[in-house]
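Reader: Could you give me a close look at one part of this model, the strand pairing? I'd also be glad to hear what lies around it.

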Amino acid sequence: MASWDVFRELDNLRREIDEAFRGAGMNRPFGPTFLSPVASRRFPMVNFSEDDGNVYVEALVPGVDPKDVELSVLRNTLTISGERKPFAEMKGIVHRTELGSGKFSRTLELPVDIDANKITAQCKDGIMTITMAKAEHAKPKKIEIKLS
């Protein structure tokens, strides 16, 4: 069972606040950047879950070539980074442009340590599915109770 770490939670809160200020236009002196119309959202958007042996992450990466995505794991932290190539140049008067391009990076704190040698990833229809085996020390163990 994962334990609650107040310092980790404070660090997560600091990251959330930093991200909110970036989304509000801070750190953008020369105009909008990747995904600016929805800057408060993170890219890629993810779902993650776990069972007794694995942690599962589904990342929404439409329009991104899987060859342009890099995954890295260190203990209980997963980083998904890459680049969405620009789309064709639009002609005439542009009324709206929401299909962003550019580099992205998303770091997730996972609830347990991961065995870095037992990770698989596949991408289909713009959804990258990552399966990570829990480290042996992070898996639940059943303890037999002896009668005396």
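Author: Gladly! From the N terminus on, the elements run α-β-β-β-β-β-β-β, so to speak one helix and seven strands, where helices (H or I, at least four residues) and strands (E, at least two) are DSSP runs numbered from the N terminus. Please keep in mind that this is a predicted model, in which local features need pLDDT of at least 70 and side-chain atom pairs count only at pLDDT 80 or more, while totals for chains, interfaces and linings use all residues. Residues are numbered from 1 along each chain as its sequence is written, and side-chain values use heavy atoms, with hydrogens and water left out.

Let's begin the pairing with β1, residues 45–50. Strand β1 runs antiparallel to β2, and six bridges join them; strands count as paired if DSSP finds at least two bridges between them. A hairpin with three residues in it connects β1 to β2. To find your place in this pair, look at Phe-48, whose bridge partner in β2 is Val-57.

Strand β2 covers residues 54–60, and it has a second partner in β7, residues 127–134. That pairing is also antiparallel, over seven bridges, and here Tyr-56 is matched with Thr-131 of β7. The two faces of β2 are worth a look: Val-55, Val-57 and Ala-59 lie on the covered face, while Asn-54, Tyr-56, Glu-58 and Leu-60 make up the uncovered one. Val-57, the bridge partner of Phe-48, is therefore on the covered face of β2, and Tyr-56, the partner of Thr-131, is on the uncovered one.

Ahead of β7 comes a loop that follows β6 (114–124), and Asp-125 sits in it. Asp-125 has a phi near 55°, a positive value in a residue that is not glycine. In general, most residues other than glycine have a negative phi. Asp-125 counts as exposed, at 71% relative accessibility; buried means under 20% relative accessible area, exposed over 50%, and partly exposed in between, with a 1.4 Å probe and protein chains only.

Now for the pairing around β4, residues 77–84. Strand β3 (residues 69–74) runs antiparallel to β4, with six bridges between them, and Val-73 is matched there with Leu-78. Two residues separate β3 and β4 in their hairpin, where Arg-75 takes a positive phi near 50°. Strand β4 also pairs with β5 (residues 102–109), antiparallel and over eight bridges; in β5, Thr-107 is the bridge partner of Thr-79. Six of the eight residues of β4 are buried, so this strand is largely enclosed by the rest of the structure. For the chain as a whole, 23% of the 148 residues count as buried.

Some charged pairs are worth a visit too. In general, side chains of opposite charge can pair when their charged atoms come close. A search of the whole structure finds four salt bridges, each a side-chain nitrogen of Lys or Arg within 4 Å of a carboxyl oxygen of Asp or Glu. One of them links Lys-67 to Asp-65 at 3.9 Å, N to O; Lys-67 is exposed at 72%, whereas Asp-65 is partly exposed at 34%. Another joins Lys-85 and Glu-83, with their closest N and O atoms 3.8 Å apart. In that pair Lys-85 is partly exposed, at 44%, and Glu-83 is also partly exposed, at 27%.

Finally, the helix. Ile-17 lies in α1, residues 6–23, and is partly exposed at 42%. Together with Val-6, Phe-7, Leu-10, Leu-13 and Phe-21, Ile-17 forms a nonpolar surface patch of about 600 Å² accessible area. Patches are made of residues with over 30% relative accessible area and no salt bridge, like charges being joined within 9 Å and nonpolar side chains (Val, Leu, Ile, Met, Phe, Trp, Tyr) within 5 Å; the areas come from the Shrake-Rupley method with a 1.4 Å probe, and for residues only the protein chains shown count as cover.

A word on confidence: the mean pLDDT (the predictor's confidence in each residue, from 0 to 100) is 81, and 84% of residues reach 70 or more. Over residues 27–40 pLDDT stays under 50, and the model has 18 contacts for them beyond four places in sequence, a contact being heavy atoms within 4.5 Å.
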